[in-house]
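Subject: Structure for you to look at

Hello,

Here is the structure I promised you. Please open it and keep it beside this email while you read.

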Amino acid sequence: MGIWSLFEKDADEEVIKSTERILSTHYSIDAKEFLERFLYLKNHPDSRVIEPFGLYVTALNMLMTSSAVPPEKYSESMNYGENVYSEMFPYEEKTPGFEELSTVFLEMFNKDNVIPRKMFIGSIYDLFSDKFNYMKWVKCIIGFYSAHKMIDTYVKPYAIEARAYFLDEDCFTANLINVTTKLQETADQQALYEEELEKLRRMSGIYDVNEASLLDAVRKIKMAQVLHDQITELGKIVEERVSILDATSRNSLIDVKTVCEDEVNKAKYELSIISEKLNQAYEDCVAEQKKAVLYEKRKLVDETFAEAEERLSQLKQAAQKVINTVKLEMPEGITQVQIEAAQKTSEIRVTAPAVTDGISRAVDYINMHNEQYAHAGKSQHTVTDNDAEIPEVNPLLDESKSFSERYKEAMDKKTYMIAMGEHFHNMFDDVLIAVMENSNPYLIGPSGCGKTYMVSQIARILGMDFIDIGYINEEYDILGFQTADGGYSRPNFYRCYKYGKIAFCDELDNGNSRATVKLNSFLSNVEDASYNFPNGENVKRHPNFRLIGAGNTDGSGADSNYNAREKIEESVQQRFTPIYIGYDNEVEKKILSDYPEWYTFLRLFRDATSEWGRNNYGDAPGIITTRDAARIKKYLDNRSFGMNKILDYEFIQTKDETYLAFIQDYIRQHISEEKAADEIFRTFSEMLDARRG
């Protein structure tokens with residue numbers, strides 16, 4: 001009897017009566033007509049579309065209680081629901097999976113869902129074997145009143161064609177949701193529709209091939225066949241010559257082998273004689289050195305003892321002199337001056353019944369003139385800390401001042417640095433604001449785009465130290481550890497947290513994600529935060545402390561260029577503010593301001609790599625970085641490498657020939673707009689042609 005068994009019991013009548021009472025409270029004509037219709041269907045099973053009647057009543061209850069449909073629209077909505085029922089249940093209660101589909105059907109009556117908005121699309125519904133996936137898709141179009149036209153024009157045909165490319169229905173569902181969302185947000189829906197279909201066709205190995213391409217392919221095959229025949233003929237000639245050379249070389253090899261064996265035997269005999277002579281010379285040298293070392297040892301010991309006795313005598317005389325001076329200047333009230341034997345503790349103790357100014361002066365005098373003796377022979381174990389003094393709050397980070405005032409002061413410093421020849425990335429201001437606002441920025445960008453240099457510039461503007469603690473492999477990289485002798489090894493992170501420095505976690509996505517989670521304890525940035533480090537010290541977070549992360553990926557894991565990166569744990573990501581850095585052409589333009597032709601070529605090369613990435617749906621390998629631009633400038637300034645070697649080392653080596661051919665073709669198409677780089681591109685092309693042979 002399934003999920004509707006309850007409606008066949010006495011409780012069923014109670015639900016129907018409750019529904020009648022609710023409908024009776026509405027006094028509009030439409031509501032009264034619907035009530036009559038409801039009572040008629042209750043008593044005339046043959047006139048019902050939705051069976052069992054319990055399903056009809058449950059759907060109506062959901063429409064009345066969970067949706068925004070007014071009573072005047074009940075008839076219209078339930079009529080639409082009956083049409084949907086007919087499409088979903090062609091065999092009524094005998095439709096396979098009736099109970100599971102009934103759950104989907106009832107879900108459509110919820111507030112702002114399919115039935116109230118008349119958003120059921122049967123042609124798309126039929127594409128799903130799991131109808132819950134259909135409901136997932138429906139949720140992405142609910143709320144868009146203009147969606148009907150878009151669905152009829154683009155979504156339906158896309159879904160019907162796309163379904164054939166997916167064996168996994170979950171993948172199909174995700175793709176359809178993604179494309180539907182993009183269609184809702186884009187202005188050019190036709191272009192997006194064609195682009196997404198083209199992607200699917202390419203993924204499935206479907207490409208447009210015209211007759212001209214086929215003829216060209218046939219022509220190339222014929223040429224290849226001719227070349228193959230020629231190579232085969234050349235191969236035969238080569239084999240003949242090789243056989244001749246082989247015979248000649250075999251005879252020569254026998255002669256050479258005989259001569260070599262004779263020379264080797266002669267050399268072995270001579271080496272054995274030399275080895276015996278060397279062994280004897282080594283033994284004689286060792287014996288001589290032993291004698292010299294023993295003599296020097298005795299001499300050094302005698303000198304050391306003599307110096308020690310002389311020094312001890314001087315110390316005793318100096319101590320006696322100080323004691324005599326103290327006795328002469330000793331104020332009244334001091335009862336005893338006790339001098340313990342120098343050979344035991346080498347300390348001077350002054351004891352008195354009470355502390356007086358005179359005693360203090362005497363002790364100060366002794367400490368001033370005899371400090372080197374006061375602690376002689378005393379074993380001490382202390383832990384020093386170079387940052388023992390806790391600094392004041394940085395004025396640029398002091399939140400008691402207005403942000404606009406602090407930011408203006410920082411920008412004034414930046415203006416001065418620019419005037420002194422410094423270059424700043426176009427994202428610098430955003431990162432600086434995130435640091436000043438204590439937002440834990442996470443800098444995302446490819447290798448060489450200037451992330452570390454940017455952090456050093458921020459540190460200089462703020463007048464702070466920054467420490468690159470590198471990627472985090474274990475928890476002790478953050479917390480430190482207890483040493484075997486009971487001490488505590490302070491990590492750089494501890495010093496940043498306690499003394500208010502910038503902790504720079506570079507390559508955050510290259511560390512151990514389990515250890516990186518430990519950063520959560522330091523990323524909350526609440527006022528008066530503190531942490532108990534392994535040495536038992538409760539360290540209060542300094543107001544100047546700032547944490548900056550950086551990585552080559554967005555933290556979601558490896559990609560095509562950075563395939564060893566780890567996924568950063570979600571709780572850590574949520575505490576960082578992600579800021580994409582990327583390459584800044586303006587920075588490189590300033591770096592290469594004395595060499596505009598090289599800047600032009602570098603920019604064209606990078607544009608070509610970007611185009612490669614778009615055409616191949618991924619990141620391009622071998623991109624040119626800001627670090628490369630600085631290196632090129634150095635070569636040119638010092639005249640250390642010429643044009644050919646710079647092109648070879650920075651632009652050509654380690655790159656695939658197909659990739660370089662694409663870049664060459666792209667630059668050739670755009671070089672007419674950038675005449676400054678003509679000579680560099682011509683040399684670049686000649687080197688590529690020579691490489692291909």
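A residue counts as buried when its relative accessible area is under 20%. C505 has a relative accessibility of 0%, so it is buried. Keep in mind that this is a predicted model.

**Cysteines**

Stay with C505 for a moment. Its closest cysteine sulfur is in C496. The two sulfurs are 8.7 Å apart, which is too far for a bond. A disulfide needs the sulfur atoms within 2.5 Å. How many disulfides does a search of the whole structure find? The result is zero. C449 is another buried cysteine, with a relative accessible area of 2%.

**Two threonines**

C449 leads to T626, because the two are in contact. T626 also contacts G448, Y583, V587, E588, I591 and R606, leaving aside neighbours within four places in sequence. It sits in helix α23, which covers residues 626–638. Is T626 buried or exposed? Its relative accessible area is 11%, so it is buried.

Now find T180. It belongs to helix α10, residues 169–185. T180 is buried, with a relative accessible area of 0%. A polar atom of its side chain lies 2.7 Å from the backbone oxygen of L176. Beyond four places in sequence, T180 is in contact with W137, C140, I141, M150 and V155.

**Nonpolar cores**

W137 turns up again in the largest nonpolar core, which has 63 residues. Which members touch the most others? They are F105, M108, I124, Y134 and W137. Helix α3 (residues 53–66) gives this core its largest share, nine residues. Apart from this core lies another, of 34 residues. Among its members are F601, Y666, A677 and F684.

Look at Y134 too. Not counting residues up to four places away in sequence, Y134 touches M108, M119, F120, I121, I124, Y125 and F128.

**Helix α11**

Last stop: helix α11, residues 189–203. It has 15 residues, and at 1.5 Å a residue it should span 21 Å. Its end C-alpha atoms are 21 Å apart, so the two values agree. Which residues of α11 are buried? They are L192, Y193, E196, L197 and L200. These cover an arc of only 130 degrees around the axis, so they lie on the same side of α11. Just after the helix, G205 takes a positive phi of about 80 degrees.

Best wishes

Definitions and conventions. Residues numbered from 1 in each chain as written. Predicted model: local features only at pLDDT ≥ 70, side-chain atom pairs only at ≥ 80, totals over all residues. Heavy atoms only, no water. Helix = DSSP H or I, 4+ residues; strand = E, 2+ residues; numbered from the N terminus. Buried < 20%, exposed > 50% of the residue type's maximum accessible area, 1.4 Å probe, protein only. Contact = heavy atoms within 4.5 Å. Expected span 1.5 Å × (residues − 1). Arc of directions from axis to C-beta. Polar contact = N/O pair within 3.5 Å; in protein donor to acceptor, adjacent residues only side chain to side chain. Core = buried A, V, L, I, M, F, W, Y, C linked by side-chain atoms within 4.5 Å.
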